[in-house]
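Visitor: I've got a model open and I'd like to learn how to read it. Could you walk me through it, starting with the inside?

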Amino acid sequence: MTMNTAPQPAATDVSSLSFEKAVEELEAIVSALERGDVALDKSIEIYERGEALKKHCEALLSAAENRIEKIRLDRAGKPQGVEPLDGE
């Protein structure tokens with residue numbers, strides 16, 4: 001018996017979602033798919049939405065990582081400037 005407890009694919013464009021909202025929706029999709037109580041056609045539909053959400057979250061994380069900087073210190077321990085966190 002198939003239950004109708006799957007998340008409804010939102011009409012909201014994925015690119016307009018905050019990271020937190022995208023992760024929340026993605027978690028709901030994963031949970032529904034893991035339970036296995038979603039019809040096949042609906043599973044495919046929400047899986048595709050989940051893929052878009054995953055890509056959006058990865059892009060947001062990458063952008064955040066690029067903005068993080070590390071403070072450079074001189075030999076005396078005084079701040080000297082900033083550089084990318086990964087040393088690029």
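Guide: Sure. This is a predicted model, and a good place to begin is its largest nonpolar core, which has 9 residues: Val14, Leu17, Ala22, Ile29, Ala32, Val38, Ile46, Leu53 and Cys57. Helices H1 and H2 (40-67) are the elements that give two or more residues to this core.

Visitor: What's the general idea behind such a core?

Guide: In soluble globular proteins, nonpolar side chains tend to be buried together. Here, 20% of the 88 residues count as buried.

Visitor: Which residues does Cys57 touch, leaving out those up to four places away in sequence?

Guide: Phe19, Ala22 and Val23. Of these neighbours, Ala22 is on the list for the largest core, as is Cys57 itself.

Visitor: And how do the elements run from the N terminus on?

Guide: The order is α-α-β-β, with 2 helices and 2 strands in total.

Visitor: Now the charges. How should I read a salt bridge?

Guide: Side chains of opposite charge can pair when their charged atoms come close. This structure holds 3 salt bridges. One of them joins Glu25 and Arg49, with the closest N and O atoms 2.7 Å apart. Glu25 belongs to helix H1 and Arg49 to helix H2, so the pair ties together parts that are 24 residues apart in sequence.

Visitor: Are Glu25 and Arg49 buried or exposed?

Guide: Buried means under 20% relative accessible area. Glu25 has 16%, so it counts as buried, and Arg49, at 10%, is buried too.

Visitor: What about the other bridges?

Guide: Asp37 pairs with Arg35, at 3.2 Å between the closest N and O atoms. Asp37 is buried, at 10% relative accessibility, while Arg35 is partly exposed at 44%. Then Glu58 meets Lys54, also listed at 3.2 Å from N to O. Both of these lie in helix H2, 4 residues apart, or about one turn of the helix. Glu58 is partly exposed at 42%, and so is Lys54 at 36%.

Visitor: Where is there a nonpolar patch on the surface?

Guide: Look at Ile71, Leu73 and Val82, which share about 290 Å² of accessible area. Leu73 sits in strand E1.

Visitor: How far should I trust that region?

Guide: Where pLDDT is low, the predicted coordinates should not be read in detail. Strand E1 (residues 69-73) has the lowest mean, 73, whereas helix H1 (residues 19-35) has the highest, 96. The protein averages 83, and 82% of the residues score at least 70.

Note on methods:
Residues are numbered from 1 along each chain as its sequence is written. This is a predicted model: local features need pLDDT of at least 70, side-chain atom pairs count only at pLDDT 80 or more; totals for chains, interfaces and linings use all residues. Side-chain values use heavy atoms; hydrogens and water are left out. pLDDT is the predictor's confidence in each residue, from 0 to 100. A nonpolar core is a set of buried Ala, Val, Leu, Ile, Met, Phe, Trp, Tyr and Cys residues joined through side-chain atoms within 4.5 Å. Buried means under 20% relative accessible area, exposed over 50%, partly exposed in between (1.4 Å probe, protein chains only). Contact means heavy atoms within 4.5 Å. Patches are made of residues with over 30% relative accessible area and no salt bridge: like charges are joined within 9 Å, nonpolar side chains (Val, Leu, Ile, Met, Phe, Trp, Tyr) within 5 Å. Accessible areas come from the Shrake-Rupley method with a 1.4 Å probe; for residues, only the protein chains shown count as cover. A salt bridge is a side-chain nitrogen of Lys or Arg within 4 Å of a carboxyl oxygen of Asp or Glu.
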